[in-house]
Amino acid sequence: MSTPLTELPVRRLTTADLSSCADLSEDRGWPREEHKWGLLLAAGRGYGIDDPAGKGLVAGCVVTSYGPGLSAIGMVLVAERYARQGVGRRLMKHVLTEAGATPLTLHATPYGQPLYEELGFSHVGRAEMVRGRFRPSGPAPRATTRPATAEDLTAILRLDAEVFGLDRTHIITRLPAFADQLRVAEADGALTGFAAVWPNMETHVVGPLIARDTDTAKSLIASLAAQTDRPLRTDIDVRHEELLAWLKANGLEPIAFNAVMMHGAPALPGDWTRRFAPLTVAAA
C-alpha cells in the first residue's frame, strides 16, 4: 500500500542533491540556479521529499540558520505533478517543527503567501525585484568604492553583524568564492558599506548590499555595474524609495514584488535603513 503524499518522509538534503534540486527548479519553470543552490546547500540545511516513483524530488527547500535568533527559509518548491496536493504544507510543517522556538523569515511569492499565512507567518515588509542593463544617467554618486581585499574581511563582518543584527560569518566568508565581485565603500578611513555581485544564469545579482546611506548604495551598485556586461538583478526593500527610483531611471525595470514574512517574531532584527538588498532572495 503506497504512503499518502502528505505522510511521505522528509529527509535532509546535501550538496550531493544539487542536481535534483536544480531539476526541481526547472520543473517549476524557474532557472536551474545551480550556483545559488550550491551556496545554500553548503551553508544551510536542505530538506526534501523523494518522489515515491523514483523521479527525483517531490519537494525541497533550504533553511539558512543565523543562530537561535533567526533562520531564513528559501527555495520552497513542489514538483508540478504533485502541486496542490498538500506536499508543500507537509514540508513546511516539518521545517516549523525542526525550528522549534527559532524565529523564521522568508520572501513569499503571491502564490505561496496564503499557505504561509495559514501556518502563522505574518507580513512584515515587501521587496521589489528589478532587472535590466544598467545605463548611467544623471549625476554620478559620490561615495568612494574599491575592490575588497582579504584585509577588509574583519571590518565587513563587523559592519554586517551591526546592520543585519546577527552573526552571518558562515555566509559572508563564502562571498569571495561565491561572488564575481566584492566591493567596499570607505569614508575617512572607515568602511561604510559593501556589496557583491554574483552570477545567476544570464544575469548578475547584486546582494548583499549594506550601506550607510542611499548615495553609498548607489556608488556600490554603479561600481559593480561598470565591471560587467550582464544585466543586473536585485531585490530592494521598498522603503528605499530613492534607490529604487534611481535604479529604474538607470535602466532597470520592475519584475515582481515579494512579501517579507516572519514566524515567531514581530520583525526582522537589525537596521533596515542600512540594509538595501539581501545576499540571495530564494523566494518561497
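Trainee: Okay, starting with the strands: which residue is the bridge partner of Leu13 in E2?
Mentor: That's Gly46. Keep in mind that we're looking at a predicted model.

Trainee: Got it. How do E1 and E2 pair, parallel or antiparallel?
Mentor: Antiparallel, over three bridges. E1 covers residues 11–13, and E2 covers residues 45–50.

Trainee: And how many bridges join E2 to E3?
Mentor: Six, and those two strands run antiparallel. E3 spans residues 57–65. If you want one pair to look for, Arg45 has Val63 as its bridge partner in E3.

Trainee: What do E2 and E3 form together?
Mentor: A hairpin, with six residues between the two strands. Check out Gly54 in the turn: its phi is positive, about 80 degrees.

Trainee: Where do side chains point in a strand, generally?
Mentor: In a regular strand they alternate between the two faces of the sheet.

Trainee: Zooming out, how many helices and strands does the protein have?
Mentor: Nine helices and 13 strands.

Trainee: New topic: cysteines. How many disulfides does a search of the whole structure find?
Mentor: Zero. Take Cys21: the nearest cysteine sulfur belongs to Cys61, and that is 9.5 Å away.

Trainee: Why is there no bond from Cys61 to Cys21?
Mentor: Because 9.5 Å between the sulfurs is too far for a bond; a disulfide needs the two sulfur atoms within 2.5 Å.

Trainee: Are those two cysteines buried or exposed?
Mentor: Cys21 has 1% relative accessibility, so it counts as buried. Cys61 is at 0%, so Cys61 counts as buried too. The cut-off for buried is under 20%.

Trainee: What about the nonpolar core? Which residues touch the most other members in the largest one?
Mentor: Ile73, Val87, Met92, Leu106, Tyr116 and Phe121, out of 39 residues in that core. Another core, of 25 residues, lies apart from it, and its members include Leu39, Ile156, Phe178 and Val205.

Trainee: Why would nonpolar residues group like that?
Mentor: As a general rule, nonpolar side chains in soluble globular proteins tend to be buried together.

Trainee: What share of the whole protein counts as buried?
Mentor: 54% of its 284 residues. The protein exposes about 12,600 Å², and carbon and sulfur atoms supply 52% of that.

Trainee: Last one: how does the radius of gyration fit a compact globule?
Mentor: It agrees: a compact globule of 284 residues would be near 19 Å, and the protein has 19 Å. For the overall box, the C-alpha atoms fill roughly 70 × 35 × 35 Å along the principal axes.

Terms used
Residues numbered from 1 in each chain as written. Heavy atoms only, no water. Core = buried A, V, L, I, M, F, W, Y, C linked by side-chain atoms within 4.5 Å. Buried < 20%, exposed > 50% of the residue type's maximum accessible area, 1.4 Å probe, protein only. Pairing = 2+ DSSP bridges. Helix = DSSP H or I, 4+ residues; strand = E, 2+ residues; numbered from the N terminus. Rg over C-alpha atoms; globule rule 2.2 N^0.38 Å. Areas by Shrake-Rupley, 256 points an atom, 1.4 Å probe, with all protein chains shown as cover.
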